[in-house]
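The exercises below ask the reader to work from the coordinates to a description of the fold, its interior and its surface. Each task is followed by a solution that proceeds step by step.

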Amino acid sequence: MLAVIMTDALLTTNEADSLLRHAVDRSFNCISVEGHTSTSDTVLLLANGQSGVGPLAGEDLGVFAQALEEVCVELARAIPADGEGASHLISIEIAGCASRKFIVGIRL
């Protein structure tokens, strides 16, 4: 799997890395196909800063982070849904955990 997400937002390398890691942890890292996770997947975030708007900060950065996560979730869900021979897509929502560490080992 190779996913390339592009934006014209102005992000620092650290911001892009942090935001993408957070989004991938809640999307691509929660899927499995036939009980397996892939060891050769790549997700890239390319941000060229050409929007003409200054660096994202505060609420704007939060809105961008949420949009990035939504894009990652949509792309991640497409992988098992489009799998060869797939006839069902099962999604599990877990609520009420004090921390994400309690759902380690569960592939959503």
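Helices and strands are here DSSP runs, of at least four residues (H or I) for a helix and at least two (E) for a strand, numbered from the N terminus. By that assignment, Cys30 sits in the loop between helix 1 and strand 2. The model is a predicted one.

**Exercise 1. The order of the elements**

Task: Determine how many helices and strands the protein has, and in what order the elements run from the N terminus.

Solution. Counting the runs gives two helices and two strands. Reading from the N terminus on, these elements follow the order β-α-β-α. As for the contacts within the protein, among those with a separation of 6 or more, 84% are between residues 24 or more positions apart. One pair that is distant in sequence is Thr42 and Leu2, which are 40 residues apart along the chain while their C-alpha atoms are separated by 5.0 Å. Thr42 belongs to strand 2, and, with neighbours within four places in sequence left aside, Thr42 is in contact with Met1, Leu2 and Ala3.

**Exercise 2. Checking the length of a helix**

Task: Compare the span expected for helix 2 at 1.5 Å a residue with the distance between its end C-alpha atoms.

Solution. Helix 2 covers residues 58-81, which is 24 residues. The expected span is 1.5 Å times one less than the number of residues, and for helix 2 this comes to 34 Å. The end C-alpha atoms of helix 2 are 35 Å apart in the model, which agrees with the expectation.

**Exercise 3. The buried side of helix 2 and the core**

Task: Identify which residues of helix 2 are buried, what covers them, and which residues have the most contacts inside the largest nonpolar core.

Solution. With buried taken as under 20% relative accessible area, the residues of helix 2 that qualify are Leu61, Phe64, Leu68, Glu69, Cys72, Ala76 and Pro80. An α-helix has 3.6 residues a turn, so residues three or four places apart point the same way. The cover over the buried residues of helix 2 includes strand 1, helix 1 and strand 2.

The next step is the largest nonpolar core, a set of 19 residues in which Leu11, Phe28, Val43, Leu45, Phe64, Leu68 and Cys72 have the most contacts. At least two residues of this core come from each of strand 1, helix 1, strand 2 and helix 2. Taking Cys72 as an example, and not counting residues up to four places away in sequence, one finds that it touches Ile5, Leu20, Ala23, Ser27 and Phe28.

The loop residue Cys30 can be treated in a similar way: its relative accessibility is 8%, so it counts as buried. Its C-alpha lies 8.4 Å from that of Ala76, although Cys30 and Ala76 are 46 residues apart in sequence. For the protein as a whole, 23% of the 108 residues count as buried.

**Exercise 4. Salt bridges**

Task: Find how many salt bridges the structure holds, and decide whether Asp17 is buried, partly exposed or exposed.

Solution. Side chains of opposite charge can pair when their charged atoms come close. Two salt bridges are present in the structure. One of them joins the side chains of Asp17 and Arg21, with a distance of 3.0 Å from N to O. Both residues lie in helix 1, four residues apart, which is about one turn of the helix. Asp17 has a relative accessible area of 38% and is therefore partly exposed, whereas Arg21, at 58%, counts as exposed.

The side chains of Asp25 and Arg26 also meet in a salt bridge, at 3.3 Å from N to O. Asp25 is partly exposed at 34% relative accessible area, and Arg26 is likewise partly exposed at 27%.

**Exercise 5. A nonpolar patch on the surface**

Task: Establish which residues make the nonpolar surface patch and which element gives the largest share of it.

Solution. The patch, of about 500 Å², is made by Leu2, Val4, Met6, Leu44 and Leu46. Strand 1 (2-7) and strand 2 (42-47) are the elements that give two or more residues to it, and the largest share, three residues, is that of strand 1. Met6 is in strand 1, and its relative accessible area of 67% makes it exposed. In the protein overall, about 7,600 Å² is exposed, and carbon and sulfur atoms supply 52% of that area.

Definitions and conventions
Residues are numbered from 1 along each chain as its sequence is written. This is a predicted model: local features need pLDDT of at least 70, side-chain atom pairs count only at pLDDT 80 or more; totals for chains, interfaces and linings use all residues. Side-chain values use heavy atoms; hydrogens and water are left out. Patches are made of residues with over 30% relative accessible area and no salt bridge: like charges are joined within 9 Å, nonpolar side chains (Val, Leu, Ile, Met, Phe, Trp, Tyr) within 5 Å. Accessible areas come from the Shrake-Rupley method with a 1.4 Å probe; for residues, only the protein chains shown count as cover. A salt bridge is a side-chain nitrogen of Lys or Arg within 4 Å of a carboxyl oxygen of Asp or Glu. Buried means under 20% relative accessible area, exposed over 50%, partly exposed in between (1.4 Å probe, protein chains only). Contact means heavy atoms within 4.5 Å. A nonpolar core is a set of buried Ala, Val, Leu, Ile, Met, Phe, Trp, Tyr and Cys residues joined through side-chain atoms within 4.5 Å.
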